[in-house]
Amino acid sequence: MMGPSHALSGAAVWLAGSWALDKFAGYEQSPLAIAVGTAVCAGGALFPDLDLSGKVTRNKGGATVARTFGVASLFVAEVIEKLSLGVYHATRLSNDPDRENGHRTLTHTLPFAALVGWGTTTLCTAFGKWAVIGILFLMIGLAVRGLFDEWAKRAGWVLVTAVSAGAAYYTYLELPGDRGYPMLGLAVGVGCVVHILGDLITSAGVPLLWPIPTGKRMWRMIGLPDALAVKVGGAVEVYVLRGAFTIISLLCAAGMLAPSVLRRFNIEV
Ligand SMILES: [Zn+2]
């Protein structure tokens, strides 16, 4: 799937989960907490594609999250791609094919999603609000790049960076400082898993089983057969899936926020 679809699916899953927790478990979140979780999960849902470095995309074309923060993120993407390729070569078995780039390998595995979620929570616990503002900056930047793809391309990375810095700083000022932020780690981790599921329904697939070997292959790509697979950038992805993610997001956000808005105007429901 492409950037906007990944970001929208992350937002939809976080909003639907928050709505379900609110409705069925009585776990209510403030509007700011919902917004932060949604943005972080949308950003997290783009994070695995930071293994798509400049050279790779030049061959393939298409927008990429690697351009979110200009050359800085292009460089990071290059490093992540080479690191992933290194892990691929170090762990591949005799039936795994040779590869020249690391895209859709390490960062598209479930252990990676768990590690990123755990790492985020650990950073937040150790460094408190300072870690929170850094993670928000990174994730909001990715989310903006993904959700407003066309705008971000026109506006350029400087504006995208400024917008995410502003949003991160605002959130930092508004967040209560006397608590941990385990939800951030959960949102990033869930975002990564949602990304992996999104790539799973394409024909290229993802190494879903890694690191469990099957038939002398450690990196078996699991995806849908061509007849069923969602074509990347095709009509099903752009209209059906993005439409569904948008509707789910709006309904769940309205379901959670409407009661408090109505209450403010003294309207009983
Ligand atoms: Zn991907």
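Setting aside neighbours within four places in sequence, N95 touches G215, K216 and R217 in this predicted model. N95 itself sits in the loop that runs between α4 (71–91) and α5. With a relative accessible area of 46%, N95 comes out as partly exposed, because the partly exposed class covers values between 20% and 50%. Measuring out from the same residue to A254 gives a C-alpha separation of 50 Å, for a pair that is 159 residues apart along the chain.

Next comes the zinc site. Four residues supply the protein donors of the zinc ion: D49 (OD), H108 (NE2), H195 (NE2) and D199 (OD). These donors lie 2.1 to 2.3 Å from the zinc ion. Along the sequence, the donor residues follow the spacing D-x58-H-x86-H-x3-D. D49 belongs to the loop between α2 (31–44) and α3 (54–60), while D199 belongs to helix α9, so this pair ties together parts that are 150 residues apart in sequence. Both D49 and D199 are buried. As for geometry, the angles among the 4 donor atoms run from 90 to 174°, and the site is irregular. The tetrahedral class does not apply, because it would need all angles to lie between 85 and 135 degrees.

Of the donors, H195 can be followed a little further. H195 is found in helix α9, which spans residues 182–200. Its relative accessible area is 0%, so H195 counts as buried. Neighbours within four places in sequence aside, H195 is in contact with H6, A45, L46, P48, D49 and H108. Two of these contacts, D49 and H108, also appear among the zinc donors.

Away from the metal, there is the packing of α5 against α6. Two packed helices are described by the angle between their axes and the distance between the axes. Here, helix α5 (residues 110–127) and helix α6 (residues 129–147) pack at about 140°, and their axes are 6 Å apart. The two helices are therefore oblique to each other, because an angle has to be over 145 degrees to count as roughly antiparallel. On the α5 side, the contact is made by T120, L123, C124 and F127. These meet K129, W130, A131, V132 and I135 of α6. Sorted by type, the residues of this contact are 7 nonpolar, 1 polar and 1 charged.

Definitions and conventions:
Residues are numbered from 1 along each chain as its sequence is written. This is a predicted model: local features need pLDDT of at least 70, side-chain atom pairs count only at pLDDT 80 or more; totals for chains, interfaces and linings use all residues. Side-chain values use heavy atoms; hydrogens and water are left out. Helices (H or I, at least four residues) and strands (E, at least two) are DSSP runs, numbered from the N terminus. Buried means under 20% relative accessible area, exposed over 50%, partly exposed in between (1.4 Å probe, protein chains only). Contact means heavy atoms within 4.5 Å. Donors are N, O and S atoms within 2.8 Å of the metal (3.2 Å for Na, K and Ca); water is not among the atoms, so sites may look incomplete. Four donors count as tetrahedral if all angles lie between 85 and 135 degrees; four count as square planar and six as octahedral if opposite donors are over 155 degrees apart and all others between 65 and 115; anything else is irregular. Axes are lines fitted to C-alpha atoms, for helices over the stretch in contact, and angles run from 0 to 180 degrees between N-to-C directions. Angles under 35 degrees count as roughly parallel, over 145 as roughly antiparallel, 65 to 115 as roughly perpendicular and the rest as oblique. Ala, Val, Leu, Ile, Met, Phe, Trp, Tyr, Cys and Pro count as nonpolar, Asp, Glu, Lys and Arg as charged, and the others, Gly among them, as polar.
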